[in-house]
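Reader: Hello! Could you pick a single part of this model, take a close look at it with me, and then work outwards to its surroundings?

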Amino acid sequence: GTFRSFDNRCTNAACSTSWEFSNQELICTCHNSVFSNSGQRLAGPATADLPEFNVERENDILTITKS
């Protein structure tokens, strides 16, 4: 499988909030911005994609590092 990691702060107002995941989309519950599961902004008020971190997998260990 593929693992991806994103900053948990929405690019709209840096809300660090609970996220909903539905239909392969991430929904920020702060202002309802919508992002694809690849972090691309689909609907706003957010105007930018989610920042993505590097993810490396070695056996059962995931290492996440800031780009």
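**A close look at C28**

Author: Gladly! Leaving aside residues up to four places away in sequence, C28 touches C10, C15, T17, S18, W19 and S33, where a contact means heavy atoms within 4.5 Å. Before we go on, please note that this is a predicted model, in which local features need pLDDT of at least 70 and side-chain atom pairs count only at pLDDT 80 or more, while totals for chains, interfaces and linings use all residues. Residues are numbered from 1 along each chain as its sequence is written, and side-chain values use heavy atoms, without hydrogens and water.

C28 has a relative accessible area of 0%, so C28 counts as buried; the cut-offs are under 20% for buried, over 50% for exposed and in between for partly exposed, with a 1.4 Å probe and protein chains only. Its neighbour C10 is buried too, at 3% relative accessibility. Why do the sulfurs of C10 and C28 form no bond? They lie 3.9 Å from each other, which is too far, because a disulfide requires two cysteine sulfur atoms within 2.5 Å. For C28, the sulfur of C10 is the nearest cysteine sulfur, and C28 is in no disulfide.

The structure does hold one disulfide, and it joins C15 to C30 with an S to S distance of 2.2 Å. That pair links distant parts of the chain, 15 residues apart: C15 sits in the loop between β1 (5–6) and β2, and C30 in the loop between β3 (25–28) and β4. Strands here are DSSP runs (E, at least two residues) and helices are runs of H or I with at least four, numbered from the N terminus. The two ends of the disulfide are set apart by accessibility: C15 is buried at 13%, whereas C30 is partly exposed at 32%.

C28, C10 and C15 also belong to the largest nonpolar core, whose eight residues include F6, L26, F35, A46 and L50 as well. Such a core is a set of buried Ala, Val, Leu, Ile, Met, Phe, Trp, Tyr and Cys residues joined through side-chain atoms within 4.5 Å. In soluble globular proteins, nonpolar side chains tend to be buried together.

Now for the sheet. Four strands form an open sheet in the order β2-β3-β4-β5, with antiparallel pairing; two strands pair if DSSP finds at least two bridges between them. β2 (19–22) and β5 (41–43) are at the edges with a single partner strand each, so one side of each has no neighbour in the sheet. On average, neighbouring strands are turned by 30° against each other, direction ignored. Strand β4 (residues 34–36) pairs with β5 over two bridges, and V34 stands opposite A43 in β5.

S36 also lies in β4, and its relative accessible area of 11% makes it buried. The side chains of S36 and S38 share a polar contact of 2.8 Å. With residues up to four places away in sequence left out, S36 touches Q24, L26 and L42, and L26 brings us back to the core.

Finally, the whole protein: it has seven strands and zero helices, and buried residues make up 22% of its 67 residues.

Conventions
Axes fitted to C-alpha atoms, helices over the stretch in contact; angles between N-to-C directions. Polar contact = N/O pair within 3.5 Å; in protein donor to acceptor, adjacent residues only side chain to side chain.
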